[in-house]
Amino acid sequence: MALLPPDEHHQKAIQQLYFYKDPMKSEEDVDALIEWLSKQPHLPSITDRVWLKHFLIGRKNNLQRTKKVIESYFTIRVEVPELFDNMTSDAEWIKAAIKVGKMCVLPKMTPEANRVHVIRSIENNDGHFSALNMCKGSFKIIDYIMRREPIYGLIFLLDLKHCPLSYLLNFTPSLTKNLMRCIDEATPIRVRGVHYVNPPKFVARLVNFFKLFMPIKIQNRIVVHETYDSLYEYIPKDVLPEEYGGTAGSIEKFEANMIEMSKEDDEWYRNMPKADLSKRPMQARTIDMDMNGTFKKLEID
């Protein structure tokens with residue numbers, strides 16, 4: 001099932017956003033972005049007006065902030081290739097990742113026009129969990145959405161039912177910190193919530209630790225749900241899969257469809273424009289993405 005477009009109710013919610021701008025009035029801003037990109041020797045010259053407009057909306061129609069996120073979007077992919085390279089659907093890391101977890105975007109928007117990105121670990125896996133691969137999978141899904149529609153808001157739903165402590169400890173402090181920086185600086189998305197369901201007993205303390213590496217605005221939007229009833233206060237049943245008490249359909253079907261639909265982007269990834277940092281006029285701030293930090297000494301009872 002493809003992403004369902006916003007209906008009349010969603011459109012009204014979108015128009016009530018304080019940064020809403022008539023799409024026709026955004027054309028001048030898109031012109032300005034195209035002209036700006038043409039004058040940046042280290043950035044690719046992008047003329048895809050729809051894609052650029054999605055960046056604008058994601059940055060609340062603020063032209064200067066949009067330029068900044070486009071700059072980061074391209075430069076980070078050169079500076080940190082391990083997080084963004086080899087993104088076609090036949091990549092070996094994807095084959096390894098789906099043995100331990102699955103991802104998808106739910107077809108229907110929430111009433112506030114937010115998309116819901118579901119990440120869950122699976123039972124009886126025979127693979128090795130890699131937090132790096134999970135991060136890459138999320139960025140791939142964000143790219144998938146961005147190529148098709150503006151992201152007015154994104155909700156992360158993480159199902160920890162089959163998630164041992166070792167999986168979460170694989171998220172080193174460095175990776176967690178820099179993941180948040182990539183989401184905040186190099187993708188034009190508004191994180192409207194991070195919701196954990198089916199949490200093991202150790203999760204509450206670990207989530208509090210993760211919060212140390214997150215912006216305050218995201219910290220305040222993290223919720224750990226002991227039951228699905230509290231989840232429905234944020235995501236209605238008609239948006240959620242049957243496995244979470246919803247009526248939207250099967251999560252496994254959505255995940256299978258996501259894998260198939262993502263193949264549509266293979267050619268785009270193979271020919272994706274890249275930055276040439278050797279031509280960058282001035283040395284921009286380098287985003288530190290080393291993965292040397294560790295949680296191994298962290299004690300959780």
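How many cavities of 30 Å³ or more does the count come to? In this predicted model, the count comes to one cavity of 30 Å³ or more.

## The cavity and its lining

The largest cavity has a volume of about 880 Å³, and its lining is made up of 43 residues. Those that lie nearest the centre of this cavity are Met103, Ile119, Met134, Gly137 and Ser138.

Sorted by character, the lining of the largest cavity holds 29 nonpolar residues, alongside nine polar and five charged ones. The largest share of this lining comes from helix 7, spanning residues 131–146, which supplies seven residues.

## The sheet

Five strands make up an open sheet with mixed pairing, and their order across the sheet is 1-2-3-4-5. At its edges are strand 1 (101–105) and strand 5 (222–225), each of which pairs on one side only. Between neighbouring strands of this sheet the average turn is 15°, with direction ignored.

Strand 1 runs antiparallel to strand 2, which covers residues 115–121, and the two are joined by five bridges. Within this pairing, cysteine 104 has valine 118 of strand 2 as its bridge partner. Helix 13, formed by residues 251–262, packs on the sheet and touches both strand 1 and strand 2, while the direction of helix 13 makes about 85° with that of strand 1.

## The two domains

According to the domain assignment, the chain contains domain 1, with bounds 16–83, and domain 2, with bounds 94–267. The centres of domain 1 and domain 2, taken over C-alpha atoms, are separated by 25 Å, and the contact between these domains involves 17 residues from domain 1 and 21 residues from domain 2.

How values were computed. Residues are numbered from 1 along each chain as its sequence is written. This is a predicted model: local features need pLDDT of at least 70, side-chain atom pairs count only at pLDDT 80 or more; totals for chains, interfaces and linings use all residues. Side-chain values use heavy atoms; hydrogens and water are left out. Two strands pair if DSSP finds at least two bridges between them. Helices (H or I, at least four residues) and strands (E, at least two) are DSSP runs, numbered from the N terminus. Axes are lines fitted to C-alpha atoms, for helices over the stretch in contact, and angles run from 0 to 180 degrees between N-to-C directions. Contact means heavy atoms within 4.5 Å. On a 1 Å grid over the protein atoms alone, a cavity is a set of points where a 1.4 Å probe fits but cannot get out, and a pocket is an open set with protein on both sides within 12 Å along at least five of seven lines; lining residues have an atom within 4 Å of a point. Grid points are joined across faces, edges and corners, and a volume is the space filled by probe spheres set on the points. Ala, Val, Leu, Ile, Met, Phe, Trp, Tyr, Cys and Pro count as nonpolar, Asp, Glu, Lys and Arg as charged, and the others, Gly among them, as polar. Domain bounds come from an automatic or database domain assignment.
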